[in-house]
Amino acid sequence: MFSRVLEIMFVFEELNNFNGLIAFFSALNCQPVYRLEESKSRLEKEKKSWYDRFVQLCGDGHLSELLHRLRSINPPCVPFAGTYLTQIVLRLESLKQLENRDNKANQQKQQNASPNTDQQPKTDVSTPEAESDKNSSPRLPQKSKLNERLNVSQRIISFVKCRKIAAIIREIQMYQNQPYPLKMEPTIRHFFESINPLNGFKDKDDFEEYLYNRSSKIEPKNGEIPNP
């Protein structure tokens, strides 16, 4: 099983399919598979070197080695989408923080500019002529709506951060512009599109329990490992 997975990962690396490479590496690091140390030790020497290279490439939490490899190759390739999504989310969060600081500053300005509430309100003594003049004159917008318009017009937009987000999206599009010169195999594509790992299981927890039980049969905790 390990050998076959490493062979597929080797092909992914040749095709610059980093998204598939990360997916298979994550599967190898799930608990039912990660604990199979004895099975890993039975790998061939060449495939052990492959595994060590994949650990160095994908095992870093920041994926710095993967990003360095990505920027040193030529398309076509399939970059790991999670890295770009993380960068976009961080940029959007910084924009929200900037907008929140701006809103607080505007609210503080409005509070400082508001009239003193301790003063006695003026009594409105109006005559019928004055009432008719009020009805005939155009109405001014209410204060709350006016303040809302002022807030919208006074919002700060960080064009630097917007350009950084645009640069990330542009980099993703750059890798999508050149397709792979490969022929699609309909049967394989249909298999992966219709596969359902949870078929026959109640939920995800039931499926993970099944995987761990199978892993325990392959390598018991305190027992001898059966020969393949």
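**Figure 1. Asn16 sits in the loop that links H1 and H2.** This is a predicted model, so keep that in mind for every view here. Asn16 counts as buried, because its relative accessibility is 16% and the cut-off for buried is under 20%. Its backbone is worth a look too: phi of Asn16 is near 60°, a positive value in a residue that isn't glycine.

**Figure 2. Next up is Asn17, in the loop between helix H1 (2-14) and helix H2 (18-28).** Is Asn17 buried or exposed? With a relative accessibility of 17%, Asn17 counts as buried. Its side chain reaches the backbone nitrogen of Gly20, at 2.9 Å. Setting aside neighbours within four places in sequence, Asn17 is in contact with Phe12, Val78 and Tyr180.

**Figure 3. Here are the buried residues of H2 and the helices they pack against.** The buried residues in H2 are Phe18, Gly20, Leu21, Ile22, Phe25 and Leu28. Gly20 is the residue whose backbone nitrogen meets the Asn17 side chain in the previous view. What do the buried residues of H2 pack against? Their partners are H1, helix H3 (31-34), helix H5 (45-58) and helix H6 (64-70).

**Figure 4. H2 packs on H5 at an angle of about 110°.** The two axes are 11 Å apart. H2 and H5 are therefore roughly perpendicular to each other, since angles of 65 to 115 degrees are put in that class. On the H2 side, the residues to find are Leu21, Ile22, Phe25 and Leu28. They meet Tyr51, Phe54, Val55, Leu57 and Cys58 in H5. Leu21, Ile22, Phe25 and Leu28 are also on the list of buried residues in H2.

**Figure 5. H1 also crosses H5, this time at roughly 55°.** The axes of H1 and H5 come within 10 Å. That makes the pair oblique to each other, because an angle of roughly 55° lies outside the ranges for roughly parallel, antiparallel or perpendicular. The crossing is left-handed. H1 brings Ser3, Leu6, Glu7, Met9, Phe10 and Glu13 to the contact, while H5 brings Lys47, Trp50, Tyr51, Arg53, Phe54 and Leu57. Tyr51, Phe54 and Leu57 of H5 will look familiar, as they also meet residues of H2.

**Figure 6. Gly59 lies in the loop between H5 and H6.** Gly59 counts as partly exposed, at 45% relative accessibility. Which residues does Gly59 touch, not counting those up to four places away in sequence? They are Phe25 and Phe54. Gly59 and Phe25 are 34 residues apart in sequence, yet their C-alpha atoms are 8.3 Å apart in space. Phe25 and Phe54 also take part in the packing of H2 and H5.

**Figure 7. A cis peptide bond joins Pro75 and Pro76.** Omega for this bond is about 10°. To find the spot, go to the loop between H6 and helix H7 (81-113), where Pro76 lies.

**Figure 8. Helix H12 covers residues 204-218.** H12 has 15 residues and reaches 21 Å from its first C-alpha to its last, close to the 21 Å expected at 1.5 Å a residue. At its start, a side-chain oxygen of Asp203 comes to within 3.4 Å of the backbone nitrogen of Asp205.

**Figure 9. Ser215 and Leu211 are both worth picking out, starting with Ser215 in H12.** Ser215 is buried, with a relative accessible area of 3%. Leaving out neighbours within four places in sequence, Ser215 is in contact with Pro32, Arg35 and Leu36. Leu211 also has its place in H12, but Leu211 is partly exposed, with a relative accessible area of 30%. Leu211 and Pro32 are 179 residues apart in sequence and 6.1 Å apart in space, C-alpha to C-alpha.

**Figure 10. Zooming out, the protein chain has twelve helices and zero strands.** Buried residues make up 21% of its 228 residues. Of the contacts with a separation of 6 or more, 73% are between residues 24 or more positions apart.

Notes. Residues numbered from 1 in each chain as written. Predicted model: local features only at pLDDT ≥ 70, side-chain atom pairs only at ≥ 80, totals over all residues. Heavy atoms only, no water. Helix = DSSP H or I, 4+ residues; strand = E, 2+ residues; numbered from the N terminus. Expected span 1.5 Å × (residues − 1). Polar contact = N/O pair within 3.5 Å; in protein donor to acceptor, adjacent residues only side chain to side chain. Buried < 20%, exposed > 50% of the residue type's maximum accessible area, 1.4 Å probe, protein only. Contact = heavy atoms within 4.5 Å. Axes fitted to C-alpha atoms, helices over the stretch in contact; angles between N-to-C directions. Parallel < 35°, antiparallel > 145°, perpendicular 65-115°, else oblique. Left-handed = near helix turned anticlockwise from the far one by under 90°.
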